[in-house]
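Thank you all for coming. Please have a look at the sequence and the model on the screen before I begin.

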Amino acid sequence: MALNAHLETLKRKHQSMSEAVETAQRAPGVDDLEVASMKKEKLRLKEEITRLSS
């Protein structure tokens, strides 16, 4: 059960990060390095979700 709860938490974080990336990309004057960092974190979350789901 603990693993399922952890996966759900990771999925919520991933969704939140997706929304933050989309918002940042639409905002004028956003630092490209910040967006790239956010995308890397989003990818890391996705990879961890995939690894734990297997």
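I will go from the whole protein to its helices and then to a few single residues.

What you see is a predicted model, in which local features need pLDDT of at least 70 and side-chain atom pairs count only at pLDDT 80 or more, whereas totals for chains, interfaces and linings use all residues. Residues are numbered from 1 along each chain as its sequence is written, and side-chain values use heavy atoms, with hydrogens and water left out.

The protein has 2 helices and 0 strands, where helices (H or I, at least four residues) and strands (E, at least two) are DSSP runs numbered from the N terminus. Its radius of gyration, taken over C-alpha atoms, is 13 Å, well over the 10 Å that the globule rule gives for 54 residues, so the protein is more spread out than a compact globule; that rule is 2.2 Å times the number of residues to the power 0.38. Along the principal axes, the C-alpha trace spans about 45 × 15 × 10 Å.

How much of the protein is buried? Of the 54 residues, 24% are buried, and here buried means under 20% relative accessible area, exposed means over 50%, and partly exposed lies in between, with a 1.4 Å probe and protein chains only.

Let me turn to helix 1, which covers residues 2–26. Its 25 residues, at 1.5 Å a residue, should span 36 Å (the expected span being 1.5 Å times one less than the number of residues), and the end C-alpha atoms are 37 Å apart, which agrees. The buried residues of this helix are Leu 7, Leu 10, His 14, Met 17, Ser 18, Val 21 and Ala 24, and they pack against helix 2, residues 32–53. As general background, an α-helix has 3.6 residues a turn, so residues three or four places apart point the same way.

From the side of helix 2, consider Glu 48, which is buried, with a relative accessible area of 18%. Leaving aside neighbours within four places in sequence, Glu 48 is in contact (heavy atoms within 4.5 Å) with His 6 and Leu 10.

Two other residues of helix 1 deserve a word, and I begin with Ser 16, which is partly exposed at a relative accessible area of 43%. Its C-alpha atom is separated by 14 Å from that of Val 35, 19 residues apart along the chain. Thr 23, also placed in helix 1, is partly exposed, with a relative accessible area of 47%, and the C-alpha atoms of Thr 23 and Ile 49, 26 residues apart along the chain, are separated by 23 Å.
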